[in-house]
Amino acid sequence: MESHLALIEQSFNTRYSLWAGEALNGLPDCFTITDPCISGHPIVFASSGFLKMTGYSKDEVIGRNGRIFQGPKTNRRSVMEIREAIREERALQIILLNYRKDGTPFWMLFHMSPVFGKDDGRVIHFVAVQVPIMRRQGLNGTTLGEEILFGSCRREVCSDSLVDLGPVLALDSDIRALNIDEPCEASEVEKLKAASAIDSILSVLTHYSESTGKLVCGKRCSIPGADLISSSLCISLGRIKQSFVLTDPHLPDMPIVYASDAFLKLTGYARHEVLGHNCRFLNGVETDCLTLKQIKESIQAEKACTVRILNYRKNKSTFWNLLHISPVRNATGKIAYFLGVQMEEGCKSQDRHVLSPEMRQLSCVGAVRVAVRCSSIGAGSSKS
């Protein structure tokens, strides 16, 4: 539990400077920021306006999934549309009915947008803004006046415009009487307001990521191979702690499209220096040509192989790499990637009960295969 909370805190605080939270709370919008790479896709930041609007405290929201704002009348189809947009890592505007802490239902325009890491093109966070939808007509056709029905945050992320809630809270009895089954539409002004809010938030996040050196942006940067791995697959692969890379045999020169943190630590390279490049950058003058030929023939034959090869780190130091290469097939049985699992010879684990190098490599292969197959099923097995 403590490690999970630490991940949530680090998700926002290590990516942006200490002043980012204050700057975000200064914006005239209600919104939340979530991290899809942490188990449960929790909220890692909630604006003060959002907390005031929903009636929740910061401690009740941070670390929770946005589903806490759903209720019996929340449209399941709308929720599925949001989940699909998250899986496809794209922006979305949708009308949603959710609930405040006191159980009051709210209609709002929900606008969600991904935040990308500039170095590797991965989705770092999702930002969602909520804009209140103006409704002027009650059940019997009587005019309610300039009443604002606020929405609360959806399951993954959420937000809303910051306005004076006093008059609205005084109208709770009227709001509860509204027909929440009645279709609700957002005006063009409200749609533009939501889009403008997203732009403002992304501008703040971009600015305050510069001081940490972990730059973010609102659009995926054009790193070769960066757009070939979905966020859902990245999340699954990120849970595998061994050193490995995935390469795409369907692209010219078979570039790396995923590299684990352990691989970066082993080789000394940054992720942006690895993605989009063939694995040959690990080779050097003393790398055995016959071993390289064996690897090439194994890939051409679409078979697994294990070799002992001399590789080079970024600082030019060498290490003996116990390398296992294996094809990884998607749910249709077609080869989607080739997996390379690296293990430095002579590097012993502190755990006396640790598996042998061979078993650890096969364990990694199995975990990656499961992740890829599950991901391809969710994506309609689109990778060939």
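This is a short tour of a predicted model, with a suggestion at each stop for what to select.

**Stop 1: the main nonpolar core**

Start by selecting Phe 12, Leu 24, Phe 31, Ile 33, Ile 201 and Leu 205. These residues have the most contacts inside the largest nonpolar core, which has 30 residues. Now colour the elements that give two or more residues to this core: helices H1 (2–13), H2 (20–25) and H8 (188–209), together with strands E1 (29–34), E2 (43–46), E3 (92–99), E4 (105–117) and E5 (123–134). Which element supplies the largest share of this core? Show H8, and you have it: seven residues of the core come from this helix.

Next, centre on Leu 24 and display what surrounds this side chain. Setting aside neighbours within four places in sequence, you will find Leu 24 in contact with Phe 12, Phe 31, Ile 33, Phe 45, Ile 201, Val 204 and Leu 205.

Apart from this core lies another one, of 19 residues. To find your way there, select Phe 244, Tyr 258, Ala 336 and Ala 371, which are among its members.

**Stop 2: three strands in a row**

Select residues 305–312 and 318–329, which are strands E11 and E12; they pair in the antiparallel sense over eight bridges. For a landmark on this pairing, look at Thr 306, which stands opposite His 324 in E12. Then follow the hairpin between E11 and E12: five residues lie between the strands, and Lys 316 takes a positive phi near 75°.

Add residues 335–341, strand E13, which runs antiparallel to E12 and is joined to it by six bridges. Here the landmark is Ile 325, opposite Gly 340 in E13. The hairpin of E12 and E13 has five residues between the strands, and there Gly 333 takes a positive phi near 95°.

**Stop 3: helix H11**

Finally, select residues 289–300. This is helix H11, whose twelve residues reach 17 Å from the first C-alpha to the last, close to the 16 Å expected at 1.5 Å a residue. Which residues of H11 are buried? Pick out Thr 291, Ile 295 and Ser 298. Turn the view to look down the axis of H11: the buried residues fall within an arc of 65°, so they line one face of the helix. What covers these buried residues includes E11 and E12, the strands from the previous stop.

Rotate to the face of H11 turned away from the buried side, and you meet the exposed residues Cys 289, Leu 290, Lys 296 and Gln 300. Just after H11, finish at Glu 302, which takes a positive phi of about 60°.

Terms used. Residues numbered from 1 in each chain as written. Predicted model: local features only at pLDDT ≥ 70, side-chain atom pairs only at ≥ 80, totals over all residues. Heavy atoms only, no water. Core = buried A, V, L, I, M, F, W, Y, C linked by side-chain atoms within 4.5 Å. Buried < 20%, exposed > 50% of the residue type's maximum accessible area, 1.4 Å probe, protein only. Helix = DSSP H or I, 4+ residues; strand = E, 2+ residues; numbered from the N terminus. Contact = heavy atoms within 4.5 Å. Pairing = 2+ DSSP bridges. Expected span 1.5 Å × (residues − 1). Arc of directions from axis to C-beta.
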